[in-house]
Structure formats: structure tokens, C-alpha cells
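Thanks, everyone, for making the time. I would like to walk through one structure this morning, going from local backbone detail to helix packing, so please have the viewer open while I talk.

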Amino acid sequence: MPFSIDGVFGDQLVLQATTLINTSISPSEQQARQQALSELVNSPDAWGLIVPFLEHHDVNVQFYGAHIAGVKVVRDWNSIGPDFQLPLRDTMIMLTARAISQSYAKMVLRRLYVAITALALKLTLTSPPKWPDFLTYTLSILQSQGANTETLLEFMTIAVEEVHRAPRNLNNQIAHALNSAAPAFLETFSRTVTLAQNTLSERHAAFQCLHAWVTWGLTGNDLTSLIPTLITTLSVPELFVPTSSVLQDILTTSSLSSGAATKTLTEPLLAWLSTTGHTIVDSARAEGHPNDLSSSLCKLLCALGDHSNAYIAKSIVQVSKPAGNLPSTATSSISNGLASKSQTDAHVQEFLRCMLIYTGFPGYYGIEEEDSEATLGFWYLLQESLWEVVEIGNEDDEEDNLDWVAMANSHSIRNAVRQASGEAEMVEDDDDLTPALMSPHDDERPPSLKAPKEPDMAQLLFTEVVSILRRKITWPKKSEMADWDAEQRENFGIYRRNVGDTLINACYVLRERFLDNMLTDMKVQLAQSQNVGNDQFVWEDIEASLFCIKAVHDALTASYLKPLGFLFEEATMAALPQSGSHRVRWTMLTLIGEYASYFSSKSIDTSTSSLLRAVNYTVTALAEPSLCLQASMTLKELCDANRVMLAPHLNSFADLHRNVELLGSEEKSKVLESIASVISAMPPEAGIEPVRAVVQPLLESLARALSGQMPEETAQILCISQLRSLTGTAKGLTVISDPLEDTIPVDQGAVSRARQDPRMIKVREDVVAAVDAVTNRWWADAEVISVLSELIKAITATPAEESILSLPPQPLLRIIANSIRRQVTSTWLTLATIVTGQLYPTISLENLHPTPSEHTVQFVAEMAPEIIAPCLAMMTRKDAMEENPDIVQEFFRFCETVAHHFLTIIYRLPQDLLSSLLLHAISALSLQERYSLVGSCKFLLTLMRDTFSNGDLGREADALMEIHGNQIATSLIYGVASVAPRSTLQNLSEVLHCLASRRPAQTRMYLRDILFSAEFTAKHPLATQKAKEQFLESLLAARSGNKARLAITQFQNVTRGLEGASYGYATV
């Protein structure tokens, strides 16, 4: 047999292998030993090592013997003949039975189980299958050889897991073997876990095996039969965790997931929780810290909530909705308590109570407990399900909405939710009534479909959720955080952000009641701060409320923001800390930034004084180093959103501008951007002097940096700072119109007149001169050039968006060309592309086909060779294109822009330069770097498409095809067939389709010469003559890009050996 060895050679081989396994070696020799063992396993003689290794006394050798068995079956199955396959199976089973009887180590047994399952998968592939009942067959033999129940369960666990991991085709073929063994397993499981005389290890093995079966896919009927047993074992403390884990699998991944089997799964679990399970969470809360049982129960409840959220939502709505037209006596009995509720509703209430406890579990998340975060996803799903239930209910019976009011006013139900979160009953009050469940588009619904105006059970529930979460996200005092390390602080911050998402879901339910509740509590807290004093007051609670309000800004439409005015009242702003670095100041700043558009909302009656108070609060924070950056960002948001309201108060920013040099470089840039944003709302003529007041000091500082009278490092830092400030100023002045935004249109006529003012002409000339001087001095400094690049992007714009400071593109393009002559970089090429594109007139409704002026064309014709020539000289060097993909990509982007907007300029290039450009573009089609190749394809496509479609360029089109057509076609075909990355197929096919559709006769001639050449045939032997003919005809007959791409894809799959494989099409 191939899996046995005899004689001296066999003994030497076993000795060599065991020596390799057991010899103690240094880490440096580990790789060599692994290589030697790998070569040994891959040799044909390795089959003969299985038996002697398994009979060896050393456990490491035994393990390696079992490992070899599994590896050889998987990798070298075809090396043994069909006559030896079943004998190998019997040998492996007997070796496994012997190992079990001799109490081999678990790791050895597990490897043997894996090997047997691998054998079963191989024997299933035969037709007919040689081992259709592998599981029952193996179990019966192992049991007859003395294997106990625990061992049989462990074997079954690994067998099922390995089958589940197998490829789908093998999994399906062997499914019959598992299905036939399922009834026996189910019986064994129930007997093992319920009989008290069975050991705990046997029971745990049964649960591990069930976990494997559930993951593999037990039928719904099989799972349903297990539920009563599992519910019973939930009440056994030592079995609770494994039972909970299996139930989580059933709820989330089995055939009973996604809300199925509510009668047989959901309701029994809810009933168990109400009668028994709740004691686990109550005990853990009383102890003040979670334990294994409590954490497992939390996971189980979360899985149940995910599974049954629709069921729970329906129950919540039903609690708030009396059935039919109940008489007053019935309604009165409901008001007296929950006695009239169904048992199901009571169980759901207990479930919600436990979920609320876990959501607000005592202690700080990440430090004292880690269960609370797991519940957040449930509240999101519940909110979604509540919407669906309410909408379906509205469709079924709109009149039922009128009856919600009676249930919503039920004092006992409102107290039930209070009790669920562990709070005392509330007394009757006359709180403002708020809308119930509404979708984000409820305002658009007819009145009959809108939710009731009384708070219902769902609102009461989510009110408690918000209250609990606000408490959970409250930072401790600094003294309590002294022992927290950086990771704990970060984890708590992440938890707060995750809670923010859940607060949004709660806000969708509560709507304006969310702000009402938050601000009502804040009023009380701020009143207390006045009694205590800011220095002694604990601001963490107010910070938590501000955080909650900030988190839900996206969920609140303008109509719900009216209560927010309280935050910006004079008394409120004065009560908040105005100095120091307390977190409440940072949170308030972020809140102001998020709600910056609130002050200019047309649907809210806001005053300018509120806006100015918010601006003043923000500006005050600029003096605090830890708050300065956030304050500058908030100021920018305020000024961008309210520039029109702030424009009359521009003088109020004078002090801020005078002290701007005290700020850091980034903060200064954002503050100047904010001021410039306000200036942009003024009439252009009125904005000239303010712009000069902002820009002139920056240019003077820049001149000092360029004067050479200060150390180089100091000059560079000052230069970077002033360039960033100029960038911020340019961004603030540029108002980008957005048709989706309610923006005030810019009077471009007034802008043009202001631009002609001699003062602004002088400012722009000074900025251009400064840019030129910076590039002349620091042209090799990457950091300076990067900042300068951002300035050029910000200070240039299309004619429709230019400001009074926007620079003309011509002098900048000349500066860029000079810089490229010094050093070719992708940064300069990117700028060249942007500025060249701005030289082309903007398309408008008045001018759908704009044409550039002759002066502009002449200027681009002058600049293009100065930019293209240095780039081609650099790329001519050996391996330059491979080593500089960023430059190659940006170079072809520039060439594409010129070809698209100024096509004739390409053909005006000196003949040697044009030829070099096209040759480099063709050469780039063979690059392995994707972006370079794609850039070349886009340039060639634009060049050929626009040339072929332009009747005035017929001679140039003919010359292009005569001189370079064959070269382009050759590179494209070889790229498709083998050279280019497959991810570039679409780009290559677009160019090839352009050739074939615009010049079919020449393309046919070129492609036939290429495809049927001896060189192509030798390199691509898989491409038969028939395949080439079919490809050629399909490509030339294609009338659309999609059909051409399909033909090219099919041909590529042929040449690359992927024909007939789904991978060939799926990975393109």
C-alpha cells in the first residue's frame, strides 16, 4: 500500500522526520526546519509516515502524523489509486479508534478527525459516492471500539465544521450524509444535556456540537424540536452560557432567524425572561458589575431583539392602541393598571426593562463594564420597526390613530416604562404634548396619516432611552479619570460617538420633544450653577446634554429647532464657562458649528443678536490653546452659513483681525477665511478695502520672508504660514453657487467692475509677484510647493465663480511652466491641468458652444511645448515611467486637457515633440502601473475621438493613422491579451473601439496582421484561429462600447486561459 513503508529506508525516513520535529533549534533555524518538513510532507514517501508517526510515543510526532494524513488527502489524493481509497479510509478510522482508546492528546485526535472528514469529502466526489453515510458509519465504528459520548460528540463537531468550510459543491454533495445523521444527534443532544448523571464536560461537548450543526444549517423543524430543551437548560446555571450561545446562533444565523418562529422561539424566550432570566440581570445590577452569566444574557437579549424587533414593535404599538371602541369602563380598567394587558405584552415589557438596564448598566463603558454598547443596535432596529408598524397600521385603519390618545394618557403605562428603567413613578403633570412616531418625511403626509399628537408608549420608552444614554456618556470628574489610560479614554470617546447614532434614532421618534427634554433639564442645571458658582460647579452633566443635542443635528428639521434659541440667549451664554479648557466649552463650540445654519433659517424667527452672541462665544475661545482649532473651525461654519447676516457687522471683526497673528498657522488661516467669507457677502465695490486690509499684511510678511534678512528655517516657516493665510482668504471670498442650496446669486457684473478697480489690480499683481518669488526661491522645497499648490487651487476659478481676488490663469500658467522646467513633479502638472482648463470659456445657457479667443489659443500654444518637453525628456530616461507613475498619470491628464479644449495645439507641436509624445503614450499602454496606463488611454481616446470627428483635421487624422495607427493597435492588442492589468480592460477597450468604429478598414488590416503574426501566435497559443476570427468580426461589428467590451473581454479570457471561468468575467 502507498501509505506504508518498510525496510531500512523506511526506518531512516522516520528517524529523519522525527529528528526534524523534536530537535530543539534556535529561532534563526526555524525557517530551515519548516522548509525541510514541508519538502518531506510533499514527497510521495510521506504517505508511509502516517502509521509510524501515529504509533510513535512522542505527542509532537503523533500530531505531525495526523497532520500529514490530512494534508496528503487534500493535496495528493490523485497519487493513490482507486483500489487503495477505501482501505485508506478503514486504516484511518482504526488508527483514530486506537488513538482514542489510548487517550491520545486532544490536538492529535482533532487532527485525525479533520483527516477523516477530508477523506469523506474526497470519496463523495466519486460517482456513485463511495462513502455516502460517512458520519453514521464512522460514529458506529468508533462507538464499537469503546469511544464514549463526549468523544463521539467532539468528532461530530469537527466533522460538521469541516463540511461547512468545504466548497459549496462538496458541501451540497455531502449534505445527505449529515441529514441522515441529524435525528440521531438531536436525540443524543437532548439526552446528554438533560440527564443529571452526565458530566459537565459531556454537556459542554453536546453544546459545541449543536453550535456546529446550527452553523451548518439544521432545518427549521429540527431546530423547533430543540427549543424546549434549550429553554429548560437556560435555567441551569452551569449550562446557561453554552445554551445562550447556541440560542444566539439560532436567532441570528439559522433558518429561524430574521423574525421567524415567534410562537415557538420568541414567546418562550420572553416568558423565560419574565419568570427566571430577569433575576440574572437584576443580581448583576445590584452587585454593580457584570459577570459571565450577565454578559451572556445581554448578548442573548440583543440577539432576540434583533430577531424579533418587529414583534416587539407591534406589541409596543398595541399597548398604546385599544382594540375597537372600548366602553369607558374598559378604558378605566386599563388606566387602573396593566392587569388587562395580555401576557405577551407583559413579557415584552419585561424584555424592554432588561434592555434598558443593560443600556444603562452601572459604571463607565470600557472601564467598568462592556455590555452596554451591545444594546445600541437594538434601539435602531426597534425605531425602524416602529415606523413600519405605524405606517402599516395607518394603511389598515386610519381611524385607529384617534384612539391612541386615550392609551397615551394612561398613567399606569407611562409609569410602567419608568419602572422598566429603574426609576420612581412619576406624578401627573401637564407637560407639553409632542408628536408620536413620525418618519423623516412626516411633514409631507396628509393630516390623516400623521402620527398622534399625544406621547405614546414608544415615545415614553425612547425618552427613557435618551435619559439613560445621557447619563452613560457623562464624563467623570477629572479626579475620577486620573487612573484612565489613553486607550480607555479613546474607547469611551468612541462609545460616545456610537451613542450619538442611537440618539438620532431616538430623535426620529421624539422629534421636538427631544430638544424640549434636554433644554428643560439644562435650565435646572444652569440655575444650580448660578447658586454654586462656575468654579465649583460640575459641568459634566451639562456637557452631556450639549453632546446629545449636537449628535442629533442631522435628525432635526428646521421646524423642530425653535427651542434651540434658549442656548443662545444672553443669560444662557453668560452662564456657560467663558474661560479655561473644560470639555463643556469644546462641546458647545462643536454644537454651534453643527447648528450654524440655524441662525439664518427662514422658518425660525432668530435674531441677529443670538448669532452675534454665538460668534462672540466662539471668538473668546480662540485665546485658549486647547480650544483654538475647534473655535476657528466653528467660526468658519458660522461665517459661511450666515455671511449675509454678518456682513453689516464686519467692523466687529476688526479686533479679531488685529490679533490674528497671535494664532497658529492653521487657526489663522481659518479665521481669515471666516472674515473673507463675510466680506464676500458685501457688494464687490464695498469689499475692496476690506480685502486689501486682509491681504496686504500677508504680502508684507511674505516679502520679509523673501528678503533674505532672516534665517532660512524661520523664513520658510513664515512663508508657509502666510501662504496658508492667503489660501484661506481666497477660499472665503470664493462663493461657489450650488443649485441645491438656497444661496444668493453673485452679481458677476459687479464683480467684474470691482476687479477692474486699480486697487484690486495692484493687489492681484502683488500676489502673482509673490507666488513667482516663492517658486524662484523654494522651488525644490516639497512642503512649500505643496502649500503653494493649495493657494493656486483656491485663488483661481472659472469666470462664473471668480471673486475680486481671483488671479488670472495666464501668469500662473507661465510660473508653472517655469517651475516644470526646473523640476518635473506631479504637483506642478496637476496645477497645469487645472489652470489650462480654466482658460477655456465656461459653457452656459447663453453660450452652449463657447470658443476660446485667439489670444488664449496663442498663449496655450506657447506654454504647452514648454510644459510637455521637460516631461518627455524626463520620461525618456531608463525606467523613468515605471518609477514615477504619479508624474506619468498627471502628464497625460494635462495632455488630455489640452487635446480636449485646444485640440489644434497638439498638432502645432514641433514634429519631433509630437512624435515623442505619441510614442510615450503608446509605450505607457504596456505599463503595469494602472493609473499611468489609464492616463495614457484617456489621452489617446480624447485625441483620436476629437480628431476623427473634426472635419477640419482630416489630414492630421490620416497622418495619425498612417504613422502611429499600427503601433497603437499593437500595444492595445498585446495589452488586452496578456501585458496590461485586467483592471484596465475597460480603458483599453474604449480606445480599441474608437479605432475600430472610426477607421474600420485600417483597423481590420492592422489587427489581422497582429493577431495572425507568428510572434502573437507563439506568445498566446490558447488563442486559436477561430477565436481570433470571431474576435475580429465581433469587434468590427460592434456598434456600441458595451458590445465591443464584451468581445474584447471574451478574447482576453481566451488568451489568458480564463475561458469558461466565472472568475474571468467577475474580476474584470
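Which residue just after H7 takes a positive phi, and of about how many degrees? The residue is Gly-146, where phi is positive at about 100 degrees. Before I go further, please keep in mind that this is a predicted model, and that every value I quote is computed from it.

Let me give the overall picture. The chain has 1068 residues, 52% of which count as buried, and its secondary structure comes to 51 helices and zero strands. If we take the contacts between residues at least 6 apart in sequence, 75% of them join residues at least 24 apart.

Staying with H7, which spans residues 134–144, the buried residues there are Phe-134, Leu-135, Thr-138, Leu-139, Ile-141 and Leu-142. Viewed down the axis of H7, these buried residues fall within an arc of 165 degrees, so they line one face of the helix. Gln-143 and Ser-144, by contrast, are exposed, and they sit on the face of H7 that is turned away from the buried side.

One of those H7 residues, Leu-142, also turns up in the surroundings of Thr-96, which is placed in helix H5, residues 85–101. Is Thr-96 buried or exposed? At 0% relative accessibility, Thr-96 counts as buried. Setting aside neighbours within four places in sequence, Thr-96 is in contact with Leu-112, Tyr-113, Ile-116 and Leu-142.

From H5 we can move into the loop that connects it to helix H6, residues 106–124, and in that loop we find Ser-103. Ser-103 is not a glycine, and yet it has a positive phi of about 55 degrees; with a relative accessible area of 62%, Ser-103 is exposed. A second case is Ala-261, in the loop between helix H12, residues 237–253, and helix H13, residues 262–287. Phi of Ala-261 is near 55 degrees, again a positive value in a residue other than glycine, although Ala-261 is partly exposed, at a relative accessible area of 25%.

Now to helix packing, and a word on how I will describe it: for two packed helices, one gives the angle between their axes and the distance between those axes. My opening example is the pair formed by helix H8, residues 149–165, and helix H10, residues 200–216, whose axes come within 9 Å and cross at roughly 20 degrees. That angle makes H8 roughly parallel to H10, and the crossing of the two is left-handed. On the H8 side, the residues that meet H10 include Leu-153, Met-156, Val-160 and Val-163, while among the H10 residues they face are Ala-205, Cys-209, Trp-213 and Trp-216. Divided by class, the contact of H8 with H10 has 10 nonpolar, six polar and three charged residues.

The other pair is H31 with helix H33, residues 712–733, which pack at an angle of about 25 degrees with their axes 7 Å apart. Here too the angle makes H31 roughly parallel to H33, but H31 passes H33 in a right-handed crossing. Residues of H31 at this contact include Lys-668, Leu-672, Glu-673 and Ile-679, and those of H33 include Arg-724, Gly-728, Lys-731 and Leu-733. How do the residues of the contact of H31 with H33 divide by class? They come to four nonpolar, nine polar and four charged.

Ile-679 deserves a closer look, as it lies in H31, residues 665–679, and is buried, with a relative accessible area of 5%. Apart from residues up to four places away in sequence, Ile-679 touches Leu-650, Gly-687, Pro-690, Val-691, Val-694 and Leu-733. Ile-679 and Ala-647 are 32 residues apart in sequence, but from C-alpha to C-alpha they are 6.4 Å apart in space.

I will finish with Thr-463, found in helix H21, residues 457–472, which counts as buried at 16% relative accessibility. The C-alpha atoms of Thr-463 and Leu-510 are separated by 7.4 Å, although the two residues are 47 apart along the chain. Leaving out neighbours within four places in sequence, Thr-463 is in contact with Leu-510, Arg-513 and Asn-517.

Note on methods: Residues numbered from 1 in each chain as written. Predicted model: local features only at pLDDT ≥ 70, side-chain atom pairs only at ≥ 80, totals over all residues. Heavy atoms only, no water. Buried < 20%, exposed > 50% of the residue type's maximum accessible area, 1.4 Å probe, protein only. Helix = DSSP H or I, 4+ residues; strand = E, 2+ residues; numbered from the N terminus. Arc of directions from axis to C-beta. Axes fitted to C-alpha atoms, helices over the stretch in contact; angles between N-to-C directions. Parallel < 35°, antiparallel > 145°, perpendicular 65-115°, else oblique. Left-handed = near helix turned anticlockwise from the far one by under 90°. Contact = heavy atoms within 4.5 Å. Nonpolar A, V, L, I, M, F, W, Y, C, P; charged D, E, K, R; others polar.
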